[in-house]
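Subject: Structure for your review

Dear colleague,

Please find below the sequence and structure that I am handing over to you. My findings follow directly after it, and I should be grateful if you would read them with the structure open.

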Amino acid sequence: MFVRNINLQQYRNYEQLQLNSFGDVNLLIGPNAQGKTNLLEAIFVLALTKSHRTSKDRELIAFEQTSAHVSATVEKKYGDVLLELRLSAQGKKAKINGLEQRKLSAFIGSLNVVMFAPEDLEIVKGTPGIRRRFLDMEIGQVQPSYLYHLQQYQKILVQRNNYLKQLWGKVDTQEGLLDIWNEQLVEHGVKIIKKRKQFIIKLQKWAEAIHHGITNGSEDLQLRYVPSFGEVTEEDEAVLFEQFMIKLRQLKDQEIRRGMTLAGPHRDDMTFYINGKEVHTYGSQGQQRTTALSLKLAEIELIKEEIGEYPVLLLDDVLSELDPYRQTQLIETFQSKVQTFITATGVESLNTDKLKNANIFHVHSGQVGS
């Protein structure tokens, strides 16, 4: 997979930008707050229709403008595709080769990316919500049906929570109606749980081998899925459905008191272990960084395994955060096989011997020059 060009209109601090000369490795060099990350973000947004930095689309539109437009020609193994995304107060409109897509889920996956930024360390040491977002975005890229079940689940969750709030203090709890909400929630919830577990098992295979190599065989990395209603040892959906339903029945009184759903994929987590010790609590900063790096490198291989071609790699000011050894490990992984975009304030912070054939773009005040 290869991004041939990109066009931005009224996106962040870019009034108009057309770049046509991307190579295998592309360095975006310039001071902070000039637009380097905005350009990487635009590629990410074109892949997933949402930003990795904000949940508010309005922030992606240039100041005092009503809409933004991002488009790119992407070379894939079956031919080139033109991807277009328009952002406005009325919502998003996405086109593939000029044809508007009725659902964004039909657009997502046309371009696959792996983003690695300093804040990705939070996947390891941050809150469960960050890890759930990581899972949702990565699985959604390669399995569009996952996004459908996730969207349905989130809608039903809001409605069920509203109903639980209405039940507080009532003598007649109308259990029949609550059971209907439960069944609808669980129907989509078990699909999410099953796909997350399958994804983590596949990610584990790649991450374990990569981490073992980075640490010269001294550390074994393990990933574990932690559902909110107990260990999932069974992948049969009927069994998962019954487990989930039982948990909701057990929590009914507590949920009514608190007015919220206390079990389900929206409260699940993923944990990391090195040599049997939990990394979030007991890992050193170096181990946490290496775990995050292993995850990102594993993502690259997993996407290749799932869709048959490598994704585009976006490295946002991350190489300068790594020591020379980890820089080398990362660069050797993507060289000659993964198209890569790298932001940095200057080439002096990079292992330039490994990047001597890179295309260099200088970014200043929303302008890009080679």
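How many of the 15 residues of helix α4 are buried? Please note first that this is a predicted model. In it, eleven of the 15 residues of α4 are buried, so the helix is largely enclosed by the rest of the structure. Among the buried residues of α4 are the charged residues R131, R132, D136 and E138, together with F134, L135, M137 and I139. G140, Q141 and V142 of α4 are buried as well. The helix covers residues 128-142, and its end C-alpha atoms are 22 Å apart; this agrees with the 21 Å that 15 residues should span at 1.5 Å a residue.

The chain as a whole

The chain has eleven helices and 15 strands. Its radius of gyration is 22 Å, which agrees with the value near 21 Å for a compact globule of 370 residues. Taken along the principal axes, the C-alpha atoms fill a box of roughly 70 × 55 × 35 Å. Of the 370 residues, 54% are buried. The chain exposes about 16900 Å², and carbon and sulfur atoms supply 47% of that area. As to contacts between residues at least 6 apart in sequence, 68% join residues at least 24 apart.

The aromatic cluster

Two aromatic pairs were found. In one of them, F22 and F341 meet edge-to-face, at 4.9 Å centre to centre and with 85° between the planes. F22 lies in the loop between β2 (14-19) and β3 (25-29), whereas F341 belongs to strand β13 (residues 340-344), so this pair ties together parts that are 319 residues apart in sequence. The other pair, F22 and F361, is also edge-to-face, with 5.7 Å centre to centre and 70° between the planes. Here F361 is in strand β14 (residues 359-364), so the pair ties the loop between β2 and β3 to a part that is 339 residues away in sequence.

F22, F341 and F361 thus make up one aromatic cluster. F22 and F341 are both buried. For F22 the relative accessibility is 8%, and buried means under 20%, so F22 counts as buried. F361 is buried too, with a relative accessible area of 3%.

Strands β5, β6 and β7

Strand β5 (residues 79-88) and strand β6 (residues 91-96) run antiparallel and are joined by six bridges. The two strands are connected by a hairpin through two residues. Within this pairing, E84 stands opposite K95 of β6.

Strand β6 is also joined to strand β7 (residues 99-100), again antiparallel, by two bridges. I96 has L99 in β7 as its bridge partner. A hairpin with two residues between the strands links β6 and β7, and N97 in this turn has a positive phi of about 50°.

Helix α10

Which residue follows helix α10, and what is the sign of its phi? That residue is G308, and its phi is positive, near 90°. Helix α10 itself (residues 285-307) has 23 residues and reaches 33 Å from its first C-alpha to its last, close to the 33 Å expected at 1.5 Å a residue.

Yours sincerely

Terms used:
Residues are numbered from 1 along each chain as its sequence is written. This is a predicted model: local features need pLDDT of at least 70, side-chain atom pairs count only at pLDDT 80 or more; totals for chains, interfaces and linings use all residues. Side-chain values use heavy atoms; hydrogens and water are left out. Two strands pair if DSSP finds at least two bridges between them. Helices (H or I, at least four residues) and strands (E, at least two) are DSSP runs, numbered from the N terminus. The expected span of a helix is 1.5 Å times one less than its number of residues. The radius of gyration is taken over C-alpha atoms; the globule rule is 2.2 Å times the number of residues to the power 0.38. Buried means under 20% relative accessible area, exposed over 50%, partly exposed in between (1.4 Å probe, protein chains only). Contact means heavy atoms within 4.5 Å. Accessible areas come from the Shrake-Rupley method with a 1.4 Å probe; for residues, only the protein chains shown count as cover. Rings of Phe, Tyr and Trp (its six-membered ring) pair if their centres lie within 6.5 Å; planes under 30 degrees apart count as stacked, over 60 as edge-to-face and the rest as tilted.
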